[in-house]
Amino acid sequence: MKNYDHKTIEKKWQDAWEASGIYQASDDSKKPKQYILDMFPYPSGDGLHLGHVENYTATCIYSRWSRMNDQNVLHPIGWDAFGLPAENYAIKTGTHPDVSTHKNIKNFTKQIKSLGLSYDWTREIDTSSPDYYAFTQWFFLLLYKNGLAYKSKAKVNWCESCKTVLANEQAEGGICERCKNQVIQKDLEQWFFKITDYADRLINDLDKVDWPASTVSAQRNWIGRSEGVEFNMPVFDTREVISVYTTRIDTVFGMTYVVLAPEHSLVKTLESQIKNKKEVENYIRATEKKTELERTELGKEKTGVKLEGVFAVNPFNKEKVPVFLSDYVLGNYGTGAVMAVPAHDLRDFEFAKKFKLPIKKVVLPPSILAIPRSAEDLAVGAKSDLRIVSECFIDDGELANSGNFNGLTSLKAREKMASWLEGEKLGVKKINYRLRDWLVSRQRYWGAPIPIIYCDKCGEIPVPEKDLPVLLPTDVDFRPTGESPLKYSKTFNNVVCPKCKKPARREADTMDTFVCSSWYYFRFADSKNKKEFASKEAIEKWLPVDMYMGGAEHTVLHLMYARFFTKVLNKLGYIKFDEPFLKLRHQGMILAEDGRKMSKSLGNVIGPDEIKEMYGADTLRLHEMFLGPIEDMKAWSSKTIIGPRRFLERVWRLKEKVGDIADERIIEESLHKAVKKVGEDIASFSFNTAISALMILLNDMEKAPSVSRANYETLLVLLAPFAPHITEELWSDLGNRTSIHLEKWPSFDSAKIVAREMTIAVQVNGKVRDTIVLPFDTSEEKIKEMVLARPKVLKWVEGKEIKKIIFVQGKLLSLVVAG
């Protein structure tokens, strides 16, 4: 028999599959559809990493298995090609982003095909192609025309040295990742998408999807829906008021100070009353150097400055409280002001401790509620009892030291206090969201241009749809100036107003690359359509996505934005569904062998190409799937990869035992168990245990004197989704003329899976002292009789009283003895 030569075999079948178009989805098939999608990759210069291989192998296995289960599978691939890295590379080397990006795509394509991944390449997309971004611009116009895209001033991270806006991730610690200079906050005119209009639907519809619980929770928290009240507090001795929003109005009697955002408009309005102006101005300047991420970090030390001479008046008890500025309050979130109740909020508590402010307890915890109290106790706050409680109690309880509201539960108090505020016309019930509108402007070149024209006469004009795409110009200087490179392109700005036909100028900003990835899953359904982003027929044929897979790092932004786009299309009548991804799964990170994250700087990066060259793509695929549960973080192991390789070599050699005459009863039970187990495990993405079942089956087959061709072929079919090349070769060697990947998934007979034997563990006083293998139909009484006669058991029970016998069918017999 010829040797297992993975290099020859894998190249042979990759070429054959590509030539035959075996993995192409059919728009005309009547089979049930199955749309299986990976989060498409950004084609970086580093090429594929082992995390890509893990993700793509998992969905390839699922896709191959789905085809074998008679489903019409759409499993496409494309490129999230716009982005900052390509532009940074252009600035550094002078290489145009279009050149470097498409060079990288060519490399990615070669790597992906060499792994035997079963993509439909006829539907390949590239977000940097004008054919694609014409519809990215169409989506912008759709949102614009429906009041969901608008321009407004926004604070951004600004590096004065680089003259550019930075993402939060590029400004960690308030330092520019490029030049290491300080970053400041700056107001710039920016474009936004009004995602907040869909906040409730984005929360409520999470009940419709089969997603990891942690991802659903992260989305809910990011949207941050809260019910509370917004009310006004007079500023003492002025006509001004401070408006605050709170979900815990039941704690209002415990308010001992108020905090404003440093950028709050009242700071300027009250300037004449502030006695420490210089100190306040210095604090505001220091805040401007911080990013929002730094300001709101929970673990950071609280900073602030008191507005000397300024007091707010609590409308409930008319008490004056001091007013502070602190950077943990943001001017663009809520009202930009908070009532501070240090006895019942941890952040307020930390601030109060630092600035030696009063801490006034007004909500009693359950442990105190159990102590009998008089009305007088509640009126004075049950001081003796409160001393034994933690200084900061943040849960609901019963009110004390709260005037007419004493004795009410927090829930009841919130209702009555909100009604009182509304009755006094001092406040209103309100629902707030943590979610903010999506800022989509980028002062960058390598992105989709925003399709807006500015005319001195007509103002802001959307580009007519017939003029799309607005093409990226090539006459640009990539060096950062603080403005988009497009602003200085002569060809780009040579435009007339669509209305009055007079000279005009284009919007110079490009769109956030998340816009491109917010609709790409539609394009795969109809990737060659030049008239629509996808036809109605194609959308109804393929969408929504049945199985979506990608890294947990996209838990919030990408998934939230894609859901937003889908809900807009649903509301406007373009589609009939409102969730884009019915099922979602995340793969865990592949760590280096030392347990650290793979990094060039650490010198511990392992690329898939060298592994594939040495062991083969099938071995690499098996090894990554066998490392552990797909969702877990796992360390790469060079030592154990030899195991999957040897497993495949044993499957290869087993062909020598295939004969026309074989006693199939020897492996019948094992075979049917494997068919059941592997199928169920692929369906649940439990690939490591599916491989384990295949290994058990191979062991049993090797023990048999011979293996029938039918049973060997079943083994190959079960293994085919995991190791497509070797199984295709062996299938062909057996004389089969059609591809193994077009075979029907085998069925199992439940009656043949019933175990013939059982292993009973024998415990004495909780410790296992023996095991016994018996026929499965052995009665309980017979088992007890046989166990008590065994020497290993007699050693522990002889001469002692057996007080209790516990029997668990098929698993355990436990003896409890005296002494």
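**Reading a pocket and a sheet**

Mentor: Welcome! In this predicted model, the second largest pocket has a volume of about 600 Å³.

Trainee: Which residues lie nearest the centre of the second largest pocket?

Mentor: Those are Gln14, Glu18, Lys110, Lys113 and Ser114, out of 28 residues that line the pocket.

Trainee: Which element gives the most to that lining?

Mentor: Look at α1, which contributes eight residues. At least two residues each come from α1 (6-20), α4 (97-113), β4 (120-126) and α20 (608-615). By character, the lining of the second largest pocket has 12 charged, 10 polar and six nonpolar residues.

Trainee: Now the sheet. How do I read strand pairing?

Mentor: In general, strands of a sheet pair through backbone hydrogen bonds, in a parallel or an antiparallel way. Here, an open sheet of four strands runs in the order β11-β12-β10-β13, with mixed pairing.

Trainee: Why is one side of β11 and of β13 left without a neighbour in the sheet?

Mentor: Because β11 (305-313) and β13 (337-340) stand at the edges, and each has a single partner strand. From one strand to the next, the twist averages 30°.

Trainee: In what sense do β10 and β13 pair?

Mentor: Strand β10 (residues 257-260) pairs with β13 in the antiparallel sense, over four bridges. To find one on screen, start at Val259, whose bridge partner in β13 is Val338.

Trainee: Which strands does helix α9 touch?

Mentor: Helix α9 (residues 277-288) packs on the sheet against β11 and β12 (320-325), and its direction makes about 105° with that of β11. Helix α11 (residues 346-354) lies across β10, β12 and β13, at about 105° to β10.

Conventions:
Residues are numbered from 1 along each chain as its sequence is written. This is a predicted model: local features need pLDDT of at least 70, side-chain atom pairs count only at pLDDT 80 or more; totals for chains, interfaces and linings use all residues. Side-chain values use heavy atoms; hydrogens and water are left out. On a 1 Å grid over the protein atoms alone, a cavity is a set of points where a 1.4 Å probe fits but cannot get out, and a pocket is an open set with protein on both sides within 12 Å along at least five of seven lines; lining residues have an atom within 4 Å of a point. Grid points are joined across faces, edges and corners, and a volume is the space filled by probe spheres set on the points. Ala, Val, Leu, Ile, Met, Phe, Trp, Tyr, Cys and Pro count as nonpolar, Asp, Glu, Lys and Arg as charged, and the others, Gly among them, as polar. Two strands pair if DSSP finds at least two bridges between them. Axes are lines fitted to C-alpha atoms, for helices over the stretch in contact, and angles run from 0 to 180 degrees between N-to-C directions. Contact means heavy atoms within 4.5 Å.
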